[in-house]
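Welcome! Please take a look at the sequence and the structure below, and then read on for a short tour.

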Amino acid sequence: MKEDAAHFLPLAAAPLHILLALAGENLHGYGIMQEVARQSDGRYKLGPGTLYDNLQRMMEQGLVEELGRSDGDESRRRYYRLSALGRGVLTAEISRLEGVVRDGRTRLNAGKPRRA
Amino acid sequence: MFRPCYLMLLRIHPRGFRDRFAEEMLEIYDNTGNAGMRLGLFLDAIVSLGRQWLFRPRTAPQAAPAAIPTNAPSIPSFFTFDSVSPRRSALTHGALLTVLCFAGINFAISRANGQFPRLIIGALYPRPHVLPVERSSIQESEPTTRVKVNPVPMDPLFRLADIYFKAIPVLKVLDSDGDRILSAREMDSARLPLTMLDADRDGRLTAEECGFSPGGRFDEQFKARMRAGFMRMNPVLAALDSDHNGEISASEIEASAVSLRSLDKNGDGSISPAEVLPNAGDNRTALIMSRLDRDGDLRISRQELQSERAGPIREMLERADQNRDGVVTALELRIEVGRSLR
């Protein structure tokens, strides 16, 4: 699984945000858009074209699964969920980003001028 | 206002994508109240459209038949094993790469100056039948033709002949097989192609119909001399114009086969490029005569020798006058020109 996940890294901004949005709960397309905007405090906005293009690709890669329409929902919305592979990829990406953050902090601290 | 446009944009997406996501995209559009945001969605759909057609494989499965029809053996059937068509971008890149490769190979061949491996006959010779044929090896009874490729393809003489044959329409039509050699058969059947050159159907070929083009504004008298010079300086035209009146008459066309044979200096039955290409000395002599010989008697008289036109070459003309009679004949001029070219 780890090897499979490493194959997808590093993730681009759109797939990363979509995986993050689906990590909490199953969502439909519009829900994913709203969740992405919420997570990024409105700084990153996905258009439906970008969203569905990425969803299509991620479904082909097995990162996301389509659940179909919700029973109580009469609209045309389909719900999507994170697959096991998608969760693994998201975990691996977060670990990678943590490493980047840790390394960045270490370097910044090392470069700070010391008080006499 | 944008909704019909947005709908149209969704409709022109690839079918696989449209069937799966168009409804949801339209619903998102409908739920977006802000006009500015709708404009953003509209732009997003345009980008998505380009991305889908250019960079994404089309996933719509092909309608494969349940079974290959066996009852129609004469109709060929083609099926692909893969249900995914290649991306448009891949096809575009492939086409571009093919054009670049083709252009590169052509460039390499054209720059190789005959050193390119002789794998492609058409690359070295414009047409396969332009290959120099070892004519002595051909016998009438032989069922096959032996072709000998020169060690150096397109030798300078052949290259020059190729250009010359293209420039002189008479040679172009006479050399029906394009091998730049006038064979006995081509000489025997010269009448018909020569008749075809007679654009005004007056039964004779003028210098213009033979390829003369003065390319400038000259007075008629000078043009007539240039015309005569043109007919004299090209051996094949000079041979055909047997009375040297500056045009090939109907009777000269009739007698063309005999006239052309006079060019066969080595008597091998055909006229090779060396026998048909104009001689530099002859050309220069003809040019000088066309400029100075105003009365067309093929002599430069005392009066013509003193003309303004003769000024730059008067010294050479005086040297040419071997017998010191004050008149330079065409022969005297040719001898002096030949001496100056050495």
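Let us start in helix 2 of chain B, where B:F17 and B:F21 both lie, 4 residues apart, about one turn of the helix; helices here are DSSP runs (H or I, at least four residues), numbered from the N terminus. This is a predicted model, in which local features need pLDDT of at least 70 and side-chain atom pairs count only at pLDDT 80 or more, while totals for chains, interfaces and linings use all residues. Residues are numbered from 1 along each chain as its sequence is written, chains are lettered from A and ligands numbered from 1 in the order in which they are written, and side-chain values use heavy atoms, with hydrogens and water left out.

Both phenylalanines are buried (under 20% relative accessible area, 1.4 Å probe, protein chains only), as the table shows.

| Residue | Relative accessible area |
|---|---|
| B:F17 | 2% |
| B:F21 | 0% |

B:F17 and B:F21 also form a tilted aromatic pair, with 5.1 Å from centre to centre and 55 degrees between the planes. Rings pair if their centres lie within 6.5 Å, and planes under 30 degrees apart count as stacked, over 60 as edge-to-face and the rest as tilted. Ring pairs link these two with A:Y52 into a cluster.

Now to the interface: 19 residues of chain B are in contact with 20 residues of chain A, contact meaning heavy atoms within 4.5 Å. The count of salt bridges between the two chains is 3, each a side-chain nitrogen of Lys or Arg within 4 Å of a carboxyl oxygen of Asp or Glu. B:R51 forms one with A:D53, the closest N and O atoms being 3.2 Å apart.

How values were computed
Rings of Phe, Tyr and Trp (its six-membered ring) pair if their centres lie within 6.5 Å; planes under 30 degrees apart count as stacked, over 60 as edge-to-face and the rest as tilted. Helices (H or I, at least four residues) and strands (E, at least two) are DSSP runs, numbered from the N terminus. Buried means under 20% relative accessible area, exposed over 50%, partly exposed in between (1.4 Å probe, protein chains only).
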